[in-house]
Amino acid sequence: MTLTVLSPPGEEPVSLSAAKAFLRIAHAGEDDLVGNLIAGARSQIEEAAGLALVERTLRRTYSSWPRSIRRRGVRLTPGPANTLLAVRVVETDGVETDYIGHFQIDDGRICLRPWRIAPPVPIGGHIEVDFVAGFGLQAQVPEDLVLAVKRMTQMAYDLRALPDRRQRDDGLPEDVRAILNARQGARL
């Protein structure tokens, strides 16, 4: 199973001006640095939480159908998965057959529609599932995750001067880890 980014996020979950205000930077001299720190913070939080904060188009490639596709479906990660764009079976010679009509997204999972079966995958072929993931645009990202991005940006900004500052093994400060843990608990 592989993940391919078909279209990256068009914007970050935190604007440059909001991050600079959080960091109390009043000049434009570090705009490039802060922009890069925001992108890095977003990436690190998305990786730790298994989320896509801002909307992007992704492709999951499978060599065969996961077993759970016939029962409760397969969670598309990173989430939240919002829109199913394509479900294709690709043969070894490159011939593609679209089966999107057989599937739907239900609570972030790709599921078979009622009375449908998973199409066969030829030997050497694979499945491509294209979908849109993320909370939406910048303004639609939940506030707790916006705060987590700001805190990670602040930590990275502060670490420039203090490279041996202590942090967790996963690189997340305790307050950011608490935000992500609370969010994971809310999904149960």
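Select Lys20 first: in this predicted model, Lys20 is buried, with a relative accessible area of 13%. Add Asp31, the salt-bridge partner of Lys20, with the closest N and O atoms 2.8 Å apart. Lys20 belongs to helix α1 and Asp31 to helix α2, so the bridge links distant parts of the chain, 11 residues apart.

Stay on helix α2 and select Arg42. Arg42 is also buried, at a relative accessible area of 12%. Show Glu12 next: Arg42 and Glu12 form a salt bridge whose closest N and O atoms are 2.5 Å apart. Because Glu12 sits in the loop between β1 (2-7) and α1 (16-23), while Arg42 lies in α2 (residues 31-49), the pair ties together parts that are 30 residues apart in sequence.

Now move to the strands and select Asp130 and Arg88, which meet in a salt bridge at 2.9 Å, N to O. Asp130 is in strand β8 (residues 126-133) and Arg88 in strand β4 (residues 81-90), 42 residues apart. Both residues are buried. Add Arg59, Glu96 and Glu128 to see the network of salt bridges that includes this pair. In total, the structure holds 11 salt bridges.

Last, go to the loop between β2 (56-62) and β3 (74-75), where Arg72 lies. Arg72 is exposed, with a relative accessible area of 52%. Select Arg67, Arg70 and Arg71 along with Arg72 to display a patch of positive charge on the surface.

Is Ser68, in the loop between β2 and β3, buried or exposed? Ser68 counts as buried, because its relative accessibility is 15%, under the 20% limit. Leaving aside residues up to four places away in sequence, Ser68 touches Gly73 and Val74.

Conventions
Residues are numbered from 1 along each chain as its sequence is written. This is a predicted model: local features need pLDDT of at least 70, side-chain atom pairs count only at pLDDT 80 or more; totals for chains, interfaces and linings use all residues. Side-chain values use heavy atoms; hydrogens and water are left out. Patches are made of residues with over 30% relative accessible area and no salt bridge: like charges are joined within 9 Å, nonpolar side chains (Val, Leu, Ile, Met, Phe, Trp, Tyr) within 5 Å. Accessible areas come from the Shrake-Rupley method with a 1.4 Å probe; for residues, only the protein chains shown count as cover. A salt bridge is a side-chain nitrogen of Lys or Arg within 4 Å of a carboxyl oxygen of Asp or Glu. Lys and Arg count as positive and Asp and Glu as negative; His and the chain ends are not counted. The place of a charge is taken as NZ of Lys, CZ of Arg, CG of Asp or CD of Glu. Helices (H or I, at least four residues) and strands (E, at least two) are DSSP runs, numbered from the N terminus. Buried means under 20% relative accessible area, exposed over 50%, partly exposed in between (1.4 Å probe, protein chains only). Contact means heavy atoms within 4.5 Å.
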